[in-house]
Amino acid sequence: MIALHIEKSFGTVSKENVAAYEARVMAAQKMLEEGTGAGNDFLGWLHLPSSITPEHLADLNATAQTLRENCEVVIVAGIGGSYLGARAVIEALSNSFAWLQTEKKSPVIIFAGHNIGEDYLYELTEYLKGKKFGVINISKSGTTTETALAFRLLKKQCETQRGKEMARKVIVAITDAVKGAARVTADKEGYKTFVIPDNVGGRFSVLTPVGLLPIAVAGFDIVKLVAGAAGMEQVCGIDKPFCENPAALYAATRNELYKSGKKIEILVNFNPKLHYVGEWWKQLYGESEGKDHKGIFPAAVDFSTDLHSMGQWIQDGERTIYETVISVEQPNHKLEIPTDEANLDGLNFLAGKRVDQVNKMAELGTQLAHVDGGVPNMRVVISALDEENIGGLLYFFEKACGISGYLLEVNPFNQPGVEAYKKNMFALLDKPGYEAESKAIRARL
């Protein structure tokens with residue numbers, strides 16, 4: 001399902017030094033399994049794929065079908081882990097131009113609540129006028145500013161356009177089981193609800209209803225997605241030898257690269273459908289490891305596009321980087337390059353070849369150039385872009401992240417730094433309860 005290749009990192013780190021991580025990796029895995037490490041109250045993701053029941057998936061699919069039957073558009077309101085996982089999967093599996101097609105098999109999925117752009121929200125509400133739309137509101141507390149603001153606007157518009165009764169049918173809340181503003185609102189209005197488990201943090205939540213419901217509404221098979229993740233859960237299990245466990249090897253190699261002075265990891269794809277997998281991955285690793293003034297900085301690029309922008313820096317810039325490439329073995333479609341009699345572009349030497357052959361040679365040529373230029377390289381190979389492979393890929397990165405955080409000796413499951421901007425923003429907006437902070441910050445300004 002997934003193959004990890006780390007050989008192209010051995011010019012910078014040695015095979016022996018990576019192998020020497022075996023005992024530390026085993027200790028990290030035991031901390032995860034036994035719940036003895038920092039953040040042990042957020043380990044619900046660890047065996048989530050294998051614990052999801054057919055009944056739960058059936059409930060999600062039934063709710064998704066209700067939205068599909070009653071909506072032209074579904075807005076997913078959430079921020080961070082409450083939207084990135086779903087968007088990563090949907091973008092990876094969707095037709096790149098589905099939103100332009102006049103006859104749609106599934107509702108258009110639009111994301112909101114992840115910014116405070118007035119123009120964005122105004123243009124969204126304008127677009128929704130006259131459309132049959134529904135909302136999936138994803139918030140544990142219901143008071144996260146970006147999401148709560150968007151939901152307030154969308155709830156009012158949905159009730160105005162579709163009536164209170166239909167709004168109750170097409171607004172779904174994914175929230176806390178018992179508390180919080182979103183839970184109170186959902187219970188009061190009679191919305192269908194799903195629970196965000198207390199022991200699963202947002203960036204690890206893609207295989208909870210947070211990710212699964214929007215993915216099902218978009219028309220994709222969440223049973224296969226979960227099966228792919230469950231398969232990878234076994235492949236990356238604590239009982240697997242270190243040299244056969246891709247999550248263990250990836251965590252060990254990236255930490256040895258970090259130790260050798262490689263402070264930046266660039267996640268690379270050669271398939272534009274994987275752009276939001278990179279965005280999801282950045283949050284997963286940035287929020288998990290970036291603390292205590294430590295941590296690899298996660299960046300992402302889309303090749304070959306970004307070879308014409310970031311390629312120069314990657315090839316010849318400061319040697320503090322390494323690359324992890326997600327490589328897709330087989331595209332879902334076939335397109336051959338035609339012959340052109342005039343051959344003004346000089347591309348007849350490619351005539352008869354598939355576009356993917358050219359892309360694969362761009363991938364190989366880039367790897368050779370970057371490794372020669374002092375950029376270590378790892379490759380994560382998946383056979384195809386489908387639900388099972390994407391499910392496996394997501395779990396692989398999650399498991400490796402948990403191991404890697406413990407190797408780095410940080411708590412991979414908290415995010416204390418995220419709150420700093422919120423306190424300043426609330427003080428500047430004169431939120432009740434922030435009077436002292438407001439006075440202090442205005443004195444500074």
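A: Let's start with a basic rule: two strands pair if DSSP finds at least two bridges between them. The strands themselves (E, at least two residues) and the helices (H or I, at least four) are DSSP runs, numbered from the N terminus. You're looking at a predicted model, where local features need pLDDT of at least 70 and side-chain atom pairs count only at pLDDT 80 or more, while totals for chains, interfaces and linings use all residues. Residues are numbered from 1 along each chain as its sequence is written, and side-chain values use heavy atoms, with hydrogens and water left out.

Q: In what order do the strands of the mixed sheet run?

A: Read across the sheet: E1-E10-E9-E7-E8, five strands in an open arrangement with mixed pairing. Strand E1 (2-5) and strand E8 (297-302) are its edges, each pairing on one side only. From neighbour to neighbour the strands turn by 20 degrees on average, direction ignored (axes are lines fitted to C-alpha atoms, for helices over the stretch in contact, and angles run from 0 to 180 degrees between N-to-C directions).

Q: Over how many bridges do E7 and E9 pair?

A: Six bridges, in the parallel sense, join strand E7 (residues 264-269) to strand E9 (residues 321-330). If you want one position to click on, Val-268 is opposite Val-325 in E9.

Q: And which strands does helix H12 touch?

A: Contact means heavy atoms within 4.5 Å. By that test helix H12 (residues 275-289) packs on the sheet through E7, E8 and E9, with its direction at about 175 degrees to that of E8. Helix H15 (residues 387-407) packs on this sheet too, touching E1, E7, E9 and strand E10 (377-384), and makes about 150 degrees with the direction of E10.

Q: What is the order of the sheet with parallel pairing?

A: That open sheet of five strands goes E3-E2-E4-E5-E6. You'll find strand E3 (108-112) and strand E6 (192-195) at the edges, each with pairing on one side only. Its neighbouring strands are turned by 20 degrees on average, again ignoring direction. Towards the E6 edge, strand E5 (residues 171-175) pairs with E6 in the parallel sense over four bridges, and Thr-175 has Val-195 in E6 as its bridge partner. Helix H7 (residues 145-170) lies across strand E2 (73-77), E3, strand E4 (133-138) and E5, at about 135 degrees to E4.

Q: How many aromatic pairs does the count come to?

A: The count is 14, taking rings of Phe, Tyr and Trp (its six-membered ring) with centres within 6.5 Å; planes under 30 degrees apart are stacked, over 60 edge-to-face and the rest tilted. Take Trp-281 and Tyr-285: their ring centres are 5.6 Å apart and the planes make 40 degrees, so this pair is tilted. The two residues are four apart in helix H12, which means about one helical turn separates them.

Q: Are those two buried or exposed?

A: Trp-281 is buried, at 0% relative accessibility, and Tyr-285 is buried with 0% as well (buried is under 20% relative accessible area, exposed over 50%, partly exposed in between, with a 1.4 Å probe and protein chains only).

Q: What kind of aromatic pair do Tyr-285 and Phe-397 form?

A: An edge-to-face one, 6.4 Å centre to centre with 85 degrees between the planes. Tyr-285 is in helix H12 and Phe-397 in helix H15, so the pair ties together parts 112 residues apart in sequence. Both residues are buried.

Q: Which residues form one aromatic cluster?

A: Look for Trp-45, Phe-204, Tyr-395, Tyr-406 and Phe-413.
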